[in-house]
Amino acid sequence: MDAENIIKWGFIGCGEATEKRFLPAFAELAHTRVTAVMGRSPEKTRAFAQRHHIGHWYTDAQNLVTDPDVDIVYIATPPSTHVTFTLMALNAGKAVLVEKPLATHYDDCLRINRIAAALHTPCFVAYYRRYLPYFRRVQEIIRSGVIGRPLSAQIRFAAPPRDLDYNSRNLPWRLQPDIAGGGYFYDLAPHQIDFLQFLFGPIVEAHGITANRGGLYPTEDSVGAVFRFADGMPASGTWCFVAHESAKEDRILIIGDSGQVSFSVFTYAPIHLQTEDGDETLLVDNPEHKHLPLLRDIVDHLRGRSICACNSVSATPTNWVIDRILGKI
């Protein structure tokens, strides 16, 4: 690809997340333009394209991936469709950015990797937290040795049910395993597990116990897990999605032999560093549009200016861990 070319994007999926969280980042991104969008509803897709001055709109994904005015396809649909749309775009010679998790089954991730490698076409995954200043600060703390040698890691997450969780006849798609791959665990835990592997390398052993304690929906609402990294470091996690409001928690704790650091993944609470020198609270600002650092790296990659490592190969171990915890493999 000519390094001076504008990178032209096509979107598969034009829901609220695309419009409110992803698309605004493009206003701050150089050397790029959104040229096409695809959605199931003709009326909604046409309106989306008109609102954002996008030249082409489709209701058939095949038309979008074969549009000569598209260089890279962003797939912002539920996980059950990720593998189909990703392979469709790769086979059309288009680079891909797919939302997390990469697929609903580990085997599908391997298929994507094989096709992308055979076609020499990049496939990126939207684990954008790797790039945010908040999480880069955590990475710096670990690398600096201020907490010493990392000994263990713990994930703790608890949240009360959402209003829609009580409507058993019209549950959110994230609670329908045939669409989402699992329940809220499959939706949220990938961000936590991906970041820990970004810090410490691959998890090579994982075991989980799942339960439905609230009875609001068929899939799991409580999960416990233990896992081990390649260097032998153990870690654990607990997730509860039917907790009382007073029990809300979003925390990862990393214990070292000279201190510890804790931080959140979704609320960006102040980072808490504890060493023999005392306690320190660190406030780190993120950009307004949180996808921006990842998008900039992808654009630079496609323009031949850098290498974006947030790809399907690096994302696949997270699917393996999730599937192991849920007993899918």
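Where is H120 placed? Select H120 and you'll land in the loop between α5 and β6 (123-125). The labels for helices and strands follow DSSP runs numbered from the N terminus: a helix is H or I over at least four residues, and a strand is E over at least two.

Before moving on, a word on what's on screen. This is a predicted model, with residues numbered from 1 along each chain as its sequence is written, and local features need pLDDT of at least 70. Side-chain atom pairs count only at pLDDT 80 or more, totals for chains, interfaces and linings use all residues, and side-chain values use heavy atoms, with hydrogens and water left out.

**Stop 1: two histidines and a proline**

Stay on H120 for a moment. Its phi is near 55°, a positive value in a residue other than glycine. H120 is also exposed, at 73% relative accessible area. Exposed means over 50%, buried means under 20%, and partly exposed is in between, using a 1.4 Å probe and protein chains only.

Now jump to H53, in the loop between α2 (42-51) and β3 (56-58). H53 isn't a glycine either, yet its phi is positive, about 55°. With a relative accessible area of 72%, H53 counts as exposed.

Next, select K100 and P101 together. The peptide bond joining them is cis, with omega about -15°. P101 belongs to the loop between β5 (95-98) and α5 (106-119).

**Stop 2: helix α2**

Back up to α2, the helix that comes just before H53. Colour T45, F48 and A49, which are buried. They sit on the same side of α2, because they cover an arc of only 95° around the axis (the arc is that of the directions from the helix axis to the C-beta atoms). Here's the background: an α-helix has 3.6 residues a turn, so residues three or four places apart point the same way.

What do the buried residues of α2 pack against? Show α1, β2 (32-38) and β3, and you have the partners; contact here means heavy atoms within 4.5 Å. Then spin round to the face turned away from the buried side, where you'll find the exposed K44 and Q50.

**Stop 3: helix α4**

Select α4 (82-91). Seven of its 10 residues are buried, so α4 is largely enclosed by the rest of the structure. The buried ones are H82, V83, F85, T86, L87, A89 and L90. To see what covers them, turn on elements including β1 (7-12), α3 (61-65), β4 (72-75), β5, α5 and β6. Following α4 is G93, with a positive phi near 85°.

Zoom in on L87, in helix α4. L87 is buried, with a relative accessible area of 12%. Leaving out residues up to four places away in sequence, L87 touches R111, I112 and I115. For a distance check, draw a line from L87 to Q139: they are 52 residues apart along the chain, and their C-alpha atoms are separated by 33 Å.

**Stop 4: the pockets**

Hide the cartoon and show a surface. A pocket here is an open set of points on a 1 Å grid over the protein atoms alone, where a 1.4 Å probe fits and protein lies on both sides within 12 Å along at least five of seven lines; lining residues have an atom within 4 Å of a point. Points are joined across faces, edges and corners, and the volume is the space filled by probe spheres set on them.

The largest pocket holds about 1,700 Å³ of space. Of the 47 residues lining it, A17, R21, A76, W173 and R174 lie nearest its centre, so select those five to find the spot. Helix α1 (16-22) is among the elements giving two or more residues to this lining, and α1 supplies the largest share, six residues. By class, the lining has 20 nonpolar, 13 polar and 14 charged residues. Ala, Val, Leu, Ile, Met, Phe, Trp, Tyr, Cys and Pro count as nonpolar, Asp, Glu, Lys and Arg as charged, and the others, Gly among them, as polar.

For the second largest pocket, about 250 Å³, select F157, A158, A159, R162 and K248, the nearest to its centre among 15 lining residues. β7 (150-158), α8 and β11 (249-256) each give two or more residues to that lining.
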